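Here are my notes on the aromatic contacts and one of the helices. Have a look at the model first, then read on.

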Amino acid sequence: MGPSTAFLWAAAVLVVLQMCNSSHDSIVDRSSRNLSSVPTDLPLDAEYIDLSCNHIHQLHKGDFKNTTLLRFLNMSWNGLELIDTETFHDTPLLENLDLSHNVLRNLSDQHYLSFTGNLRVLNMAWNKFENMTLGREFSFLRKLESLTLGAKVISLGDFKNIANVTLYCLTLSLEEELDYEANSLMDVSAEKIQLDLNGREIPQNELFADVLSFFVEVEVRNISGGYQHVKMQLSKRAIISTRSLSVNNIVIDWNDLTQIVNATLYTSIAHLSASDVAINNPPFFDTPLTETSSMQSFTVSRAVVTSFFFSQEALYNFFINLPVEHCAIVETSLIHMTCPKKQSPILELDFSFCALSDSIFSRFEGQETVECKTLGNVQNLFLVGNNLKNLQVVSKRLQYMKSLQHLDLSINSFVYDGSLECLWPPSITVMNLSSGGLTDNVFKCLPIGVETLDLQNNQISVIPQFILKLQNLSSLNLNANRLRDLPICDDFPKMTELLLKSNSLHAPSLIKLKSCPNLKILDASDNPFTCTCPLRHFIRLGIQTEYESGHSGLELLNWPESYHCIYPEAVRNSTLESFQIPEISCSASLLAATILVPSVVLIVTIFFLCQRLDVPWYVGMIWQWTRAKHRARMRQLRPEDMVGIEFHAFVSYSQHDSDWMKNFLLLNLEGPAGGLRICHHEKDFVPGKTIMENIITCVEKSRRSVFVLSAHFVKSEWCHYELYFASHQRLSQGSDSIVLVLLEPLPQYLIPSKYYQLKSMMNRHTYLEWPQDKAKHRLFWANLRAALQTDLPSKLVSETEE
């Protein structure tokens, strides 16, 4: 599709976007389908229909009868020859019609336009029109804003039928050699005209002169030559109607370019721009330049130099010395820019998306670097997307721009370690350092008078303390950095706007906000919030700003839709507003009152009872006794387990007293000397059974239990168990079956409190004391044998004798 349709498609973008918001069926693309007629199955709600690049040679009445909502129709590249008068009778909402690149032949015979009174954009370029004579039907297009046409001959009066139609832009596509009659454009009422030369030279006729005379904005594109005619027309007149002249997609020699610029500087044209420029034969020496002009702005974008051999300084000098207020060279491979030779009138410089280095505006004289002092009037400077590296060096380059107020250094790759002082002009109030790879040290290299500071998309993790106070800073943009908490505003007392979107805030501390008394706007959206107790105050702040807007004095931007939890997993992606944290789970005092205090009281009580009453020991003894008695009862159900008393006595003693047990007690009670059956653990405990079971069994099979008391005895846990079970046996049998033998003196205070039964027995019963005097041993054994002597069952006695 030809370049003449570019404006048409640009204007159609808004229509397309509106349709995208309505429904999918409203957009119908049937381009390049080899169609020979308009499809009959177009959706009823179609608003955008693309039938380009087909073979539809004719449009008839009823082709669009079902698409009454149609707003955009593209019929280009179809070989279209005929359009019936009532073709668009059923499409009253049609706003954009593209009929370019067809074979329509007569502009005065387009009767179908009578039914397109709502048209805003019409493209009829690249057809077979001989003459530009517009028919009466064009007069009905009162809402038309953009009209694109092309013909071989343009004569006086051709545009009279649109004299009452106020266009925004008329585009003339010069498709072949043009025969133009002077003043033919005088009937056109349009703010802007576009001349698309389609790669041809500017015609040597009155067309360009009329363009400069009748239109405020002029754009000429796709030019390959004929610049002498342009210079001649510009040089003829100082006062012309055109205020803005732009040339796009051109190939031009340096001499032609500079002559046109100089000629334009003498005219009343206020804005001169060029884009997609290829410059041939660049200069080797400085080019003369008009020193004064009423021109306001000069803009070049996407310019290239086709030669490698030229003086870069001469080329740069021409542009930097232009007598204009606004100078912009963007998207061009500039690696340096010189300093004006004298004080420049330029108020705004824009060198965005070039390749400028840290040497910008400076020059070398011997071994020294001379800074630029002739840009003192510059108020706005844009150096976006260049190769600037050293922030401190750049501040030196700009230090003499005493009028500089707005500085944009975004999208560079800066490095600053904080070791050297920066020399920014104190007049800077707005500064943009976004996307510069800067770290925390940047706060040591800022203009002291800055009011609006953009540091988004850097590597800032914290605002360091002891930095130079920015007394006038009111707006700070720290979006897309690495901050983990809200900054303290002690160094920014006037700050009213703080933007912290897309950082690493997990639980912002509102305490730090108290240092920002003038803060009115806060944006903390799209941060990885951890929905735990520390976040509850921030959530409360968000809810307050939502329901008390205008009263709390703080606006939390994008609340609540852009504030989500990322942790814990159970609430991931839920909004902070919907997340609730119970106060009791976050308050230490409440938790202590409701959980810790009762728990401590309970623990202390249990500990006291256990120490006082020996509860665990008694519970364990009762449990073991109950289990043993239960097992004993289960065994009694079997006849072979019905066994009576087998021993005269069960002896309980400490292992430390085993020598006395073997050498004295057993020798005097068992065998011929005593004739008694004694049960003790070393001989009669059954392997495989638990100690508890063996103790209980021995106690039950013995007539009495003898306890050999000593200091070791009261320290033995197993002796304690044996005493406990024997005392229970005594109580169950109702007889005195316990005999106490005191092996050594045992004061009451040495007996642990858990042996309270032993203390009671020693207080109520007579016990035998082992005498140290050997002469009294015989009497001791006699008394002990008498205490233990009894008749065992006859069966057991006979078995013993055998």
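The points below go through the ring pairs, a charge over a ring, and a helix.

1. Keep in mind that this is a predicted model. The aromatic side is worth a look: there are 16 aromatic pairs in the structure.

2. One of them joins tyrosine 48 and phenylalanine 72, which are stacked with 4.7 Å from centre to centre and 15 degrees between the planes. The two partners sit 24 residues apart, so to speak in separate places: tyrosine 48 belongs to strand β2 (residues 48–50) and phenylalanine 72 to strand β4 (residues 72–74), and the pair links distant parts of the chain. Both tyrosine 48 and phenylalanine 72 are buried.

3. Then there's tryptophan 559 with tyrosine 563, a tilted pair at 5.1 Å centre to centre and 55 degrees between the planes. Are these two buried or exposed? Tryptophan 559 counts as buried because its relative accessible area is 10%, under the 20% cut-off. Tyrosine 563 is buried too, with a relative accessible area of 0%.

4. Rings also group up elsewhere: Trp254, Phe298, Phe318 and Phe319 are linked into a cluster by ring pairs.

5. For a charge over a ring, check lysine 373, which lies over the face of tyrosine 400 at 4.9 Å from the ring centre.

6. Last, the helix. How many residues of α13 (residues 691–701) are buried? The count is 8 of 11, so α13 is mostly covered. The buried ones are Met692, Glu693, Asn694, Ile695, Ile696, Thr697, Cys698 and Val699.

Terms used:
Residues numbered from 1 in each chain as written. Predicted model: local features only at pLDDT ≥ 70, side-chain atom pairs only at ≥ 80, totals over all residues. Heavy atoms only, no water. Buried < 20%, exposed > 50% of the residue type's maximum accessible area, 1.4 Å probe, protein only. Helix = DSSP H or I, 4+ residues; strand = E, 2+ residues; numbered from the N terminus. Phe/Tyr/Trp six-rings, centres within 6.5 Å; stacked < 30°, edge-to-face > 60°. Lys NZ or Arg CZ within 6 Å of the ring centre and 35° of its normal.
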